[in-house]
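Reader: I'd like to learn how to read pockets, cavities and a helix in a model. Can we go through them one at a time?

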Amino acid sequence: MKLEGVELRRVAMPLVSPFRTSFGTQTARDVLLLRAVTSEGEGWGECVAMSDPLYSSEYVDATADVLRRFFLPALAASSEELQRHGANAVNAVLHRYKGHRMAKAALEMAVLDAELRADGRSWARELGAVHDRVPSGVSVGIVDSIPQLLDVVGGYLDAGYVRIKLKIEPGWDVEPVRAVRERFGGDVPLQVDANTAYTLRDARHLAALDDFDLLLIEQPLEEEDVLGHAELARLIRTPVCLDESIVSAQSAAAAISVGACSIINIKPGRVGGYLEAVRIHDVAVAHGLAVWCGGMVETGLGRAANAALAALPGFTLPGDISASDRFYERDITAPLTISEGYMDVPDGPGLGVSPIPDVLDAVTTSTEWIAL
């Protein structure tokens, strides 16, 4: 398979409602999509970088720039290696470039999708999935009041979601969790996500969450503070889950070795791609840790890929595999839905879903073709 070129396509996707976290509020996604064209067909990749460097150091304009100036020329110069090894060669070729994992992940995704579509193989089969459907959890952003939060959570439970994740920050943590537990009971699987909003000095305050039987507290401290997470894990009973701190299988192994986490949230874009995500899964399973698949407000392309990843055997906790209508009134693919709390894993060639041309064109803000 020869990679002939890549189209960089920017699309503007308004959200059905604002999504607020400890680092900011999203009302729309400025999405960078990649269409890899090969001698045998094409494939799609989605970059999960945000418009601003708030969740991570990456942002959409920077990912487009590094792809254009460095990554795509590097693949063009390594065309023989790419033809021999396919998508498995992408990260090897790009390894000398530091960081920019979300850009690398999007490029690997597009090449892998093209490869699998041409061979008639599914994303799930390639990654090693063992389930044909996965439990669907939902992430609930910070809202203006506890009554509003209870209405939102109740709506998601009525819609069939099997796990609720509450975004928290200082001043919006113990009381919202208490209210949700009191209204909906202790049987609802519940977890919280701080997105690095606390420090180790907040350990006593965070220990107040121990009373609510949470599945986990996700990334309470800064991403670099792995040792701080290890200390926090000794001071609270709620299991500590790492998100932003885990950027590779190597960093996962290091965090596990010092006791910084007992659960890992795997986001393929954050770790450099789905192939590295599988390696992190394997490391966690070897050490007896649970993993789950996080979300980055993906379109149907990334959502389908995440559902396939979440079907691997080590993903024993429900992920943020929500339906398309959780974030978008109209997705760029056929909508991904849930039934009785589960989403079917697409089983068609490649991702198993494709953009709907008219819908995609309607939300496209720019395109750029880069021949290789």
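Author: Sure, starting with residue classes: Ala, Val, Leu, Ile, Met, Phe, Trp, Tyr, Cys and Pro count as nonpolar, Asp, Glu, Lys and Arg as charged, and the others, Gly among them, as polar. This is a predicted model, where local features need pLDDT of at least 70, side-chain atom pairs count only at pLDDT 80 or more, and totals for chains, interfaces and linings use all residues. Residues are numbered from 1 along each chain as its sequence is written, and side-chain values use heavy atoms, with hydrogens and water left out.

Reader: How many cavities of 30 Å³ or more are there?

Author: Rolling a probe the size of a water molecule over the atoms shows where empty space is left. On a 1 Å grid over the protein atoms alone, a cavity is a set of points where a 1.4 Å probe fits but cannot get out; a pocket is an open set with protein on both sides within 12 Å along at least five of seven lines, and lining residues have an atom within 4 Å of a point. Points are joined across faces, edges and corners, and a volume is the space filled by probe spheres set on them. Here the count is 1 cavity of 30 Å³ or more, and the largest cavity has about 110 Å³. Its lining has 18 residues, with Glu-46, Val-48, Pro-268, Gly-269 and Tyr-274 closest to the centre. By class that lining divides into 9 nonpolar, 5 polar and 4 charged.

Reader: Which element gives the largest share of that cavity's lining?

Author: Elements are DSSP runs numbered from the N terminus: helices (H or I, at least four residues) and strands (E, at least two). The largest share, 4 residues, comes from α4.

Reader: And what volume does the largest pocket have?

Author: About 400 Å³. Of its 31 lining residues, Phe-19, Gln-26, Met-50, Met-296 and Val-297 are closest to the centre. Strand β2 supplies the largest share of the lining, 6 residues. The classes come to 12 nonpolar, 10 polar and 9 charged.

Reader: What about helix α1: what span should it have?

Author: The expected span is 1.5 Å times one less than the number of residues. Helix α1 (residues 60-77) has 18 residues and so should span 26 Å; its end C-alpha atoms are 25 Å apart, which agrees. A bend is the angle between axes fitted to the seven residues ending at a residue and the seven starting there, and α1 has a kink of about 45° centred on Leu-67.
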